[in-house]
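Colleague: I am new to this structure and would like a close look at one part of it. Could you take me through the metal site, step by step?

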Amino acid sequence: MDLSIFTEFFWLHFMSHASPLLPLLKTHFGYDGFRTLQREIMEAALADRDVLAILPTGAGKSLCYQLPAMARQGITLVISPLIALMKDQVDQLTAAGIDATFLNSTLDPQENRRRLDAIQSGGVKLVYLAPERLMAGDFLAIVKRWHVTALAVDEAHCISEWGHDFRPEYRRLRELRAVLPQVPVIALTATATTRVRQDIVTQLGLRQPAIFVASFNRPNLNYFVEPKQDAASRIVSYIRARGQESGIVYAQSRRRSEEIAAMLRNSGISAVCYHAGLDGAERSRNQENFLRDEVRVVCATVAFGMGINKPDVRFVIHADLPKNIEGYYQETGRAGRDALPADCLLLYSRGDVSKILRFIDEIPESDARDHARLQLEQMADFAESDDCRRVNLLGYFGEPWPEGKCGGCDNCLAPRETWEATIETQKLLSTIVRIKQSGSPPVGIRYLADVLIGSRAEKPLSRRHDQLSTYGIGREHSAAKWTEIARQLVRKGWIAIDSGTYPTATITVEGMNVLRERRQVLLSRLMIAELPTKSPRTGDIECDLALFDLLRSLRKQLADASNVPPYVIFSDVSLRHMARSYPVNDADFLAIPGVGERKLTDYGPSFMQQIRAFLQGNERKSFVALPENAGSVPKPPKPSVNATAQVTLELWRTGKTVDDIAAERNLSTTTIEGHLATAILNGEKLDPRAFYTQAEEEQMHAAFQGYTEEALKPIFEFLEGRISYGKLRIFRANQESVEHWARAENRSHLCSSAWFEEG
Ligand code: ADP
Ligand code: ZN
């Protein structure tokens, strides 16, 4: 491999050791390593660049400005939209021994004064502010006098009207920038839409920002969809089976969330409600009790969310269908922030689709209405699909998944049986054709089903569709079954649905081909009725559960004594590590993830005492070693060398060229190069010179600099098509196989603003 790559490699490696960040990370936060993109983001921020970081929930965004604040002089101002969030963050920082404070409307004047003095005298590293506070009176003039060296805008999507949490006060942040013109800004959000991202850059006036976008995959979340039958008892049995774990149940209406909460309480499960119909005091009391592990379950409408920093939400149940996939992603995203496994269960019925449709129909005819319908359709497709849920979800956000299967959803874990539906498909598709031939306008799916079962309903009769040759030829199935079959054919792309007020079905060209060629058709059975209540818990940290429970109660006691939520003291990850390595001296205790120096001093003695006491009456258990990335974000699977790639590889080994193999196998050169790239990713060493020249390699090297996004198109276009996709793939595979290649970690990607503009 050419030298420049190695120089780059050693430089990155050298940087990582020289960086002051790592020791600070352990001292203050107790962590030994960075999560994906954290280091890159922090280094850009410390180089005083403006930064936009787009990372999914739980990826560790807060650390991206908190740790740099410890590495630089002066104050980092943090703009945060919710008082509850602010307080939570400050509590956590304080527990870690970091000087942080917040200013908002809840403080009395005296307390406010005291905090302003502390800030003025330089005793504070991080100051959290509500945006409205910032703009009140002469506050900007006060801020100007402080030694502010960085500005962090948390939940930065609040600045965008396109986002779901628009806050008009966020718009005034530009005035703050005008007062602090030299201060670099870091904006953070978990919002996936490009429109909102672009809006953030414009609205905040970010200057040539370094933009970081992580994968939106949440590897520790498992996704399940079940048919909604007897929802009430299913929810109870599901939650009962999950011990002490905390979770959220989302419902579409306030009334339903109340009913579910009441039903859970009647079944002995502590549950409260959270929705916009409760008064402010009750809402915050309920939220507080959930955060503090006083209640296990919150039954909520969508109103409940952004303020929820609780890291150990172990399950999210959707008792009703969400209106769109973005909402579903957001709400399920509140599970498993701590990176330990968590489950998402959606209870699905076609009835919910109709219910939401009725609401949508009330919207006056408009683009917004059509959009809402389309989004609902996508949500229903997601629920009904027999393909991998994760692949679907990520695909919705435009992200590929290499394997096509994730191993962490119902469809991967329990693939559905298929059945031979050739005849049924022919009957359905011919009905569409016959109706068209009869000169009638297209009809909806439900109508097709009526024709097939020979319904005596008024419409088919008045339109004389009882005269069609397919009328009544489907009496072997119910109308519901025919509807289900038709929907599967829609997903296969054989029937198209137009999205007017009355969605109608037409046959596609591909559908015509299926019909003409009498193709054999396999469809999958309906969703499996009831899934196991807990998924296989990959990524879990096995530990001594008896000790874990003791440590948990100790944590709760200490938390109550200092009036903070338990996770402020230690996360479940830390407790699990303690309950598997039984630390009883300072050095061992400090080795626990999440234990920094301050927590060692403040909490170490009580926890070690508890562990010692436990060991007097109990055997020490031993556990198999954790994989290196346990409790952190695991990588998606590498593509494996399948049979066809193997054939290519063997031909290659006999000395044939790409062109030879392509000709011999009657495949494109791109395909052959793809096979070889996969082989390289799996450890095969192939000489780069056999694929591209030194000069090409240098061009690719420059183009890929800092780019680890999956899509090759931007690189291909950047190089103006001079270098083929095949070569790009091989080059990248070679790069990635250099093991420590710092940025090739995970599927996350880093892009410069240039990519952003083009993408
Ligand atoms: P986000 O704001 O992106 O949703 P948070 O900042 O709340 O995520 O972080 C989620 C959890 O991950 C927190 O409990 C945090 O302490 C933990 N965390 C963050 N960075 C690391 C790291 N490098 N190693 C281990 N845990 C981390
Ligand atoms: Zn899957």
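Modeller: A residue counts as buried when its relative accessible area is under 20%, and by that cut-off Cys-412, at 16% relative accessibility, is buried. Please keep in mind throughout that this is a predicted model. Cys-412 is one of the protein donors of the zinc ion (ligand 2), and it contributes its SG atom, as do the other donors, Cys-388, Cys-406 and Cys-409, with distances to the zinc ion of 2.3 to 2.4 Å. Around the zinc ion (ligand 2), the four donor atoms subtend angles of 98 to 119°, and because four donors count as tetrahedral if all angles lie between 85 and 135 degrees, the arrangement is tetrahedral.

Along the sequence, the donor residues of the zinc ion (ligand 2) follow the spacing C-x17-C-x2-C-x2-C. Cys-388 and Cys-412 are 24 residues apart and link distant parts of the chain, since Cys-388 sits in the loop between helix 16 (367-384) and helix 17 (389-396), whereas Cys-412 belongs to helix 18 (residues 410-413). Cys-388, like Cys-412, falls under the 20% cut-off for a buried residue, and its own relative accessible area is 3%. Taken together, the zinc ion (ligand 2) is held in this model by SG atoms of four cysteines, in a tetrahedral arrangement.

Definitions and conventions. Residues are numbered from 1 along each chain as its sequence is written. Chains are lettered from A and ligands numbered from 1 in the order in which they are written. This is a predicted model: local features need pLDDT of at least 70, side-chain atom pairs count only at pLDDT 80 or more; totals for chains, interfaces and linings use all residues. Side-chain values use heavy atoms; hydrogens and water are left out. Donors are N, O and S atoms within 2.8 Å of the metal (3.2 Å for Na, K and Ca); water is not among the atoms, so sites may look incomplete. Four donors count as tetrahedral if all angles lie between 85 and 135 degrees; four count as square planar and six as octahedral if opposite donors are over 155 degrees apart and all others between 65 and 115; anything else is irregular. Helices (H or I, at least four residues) and strands (E, at least two) are DSSP runs, numbered from the N terminus. Buried means under 20% relative accessible area, exposed over 50%, partly exposed in between (1.4 Å probe, protein chains only).
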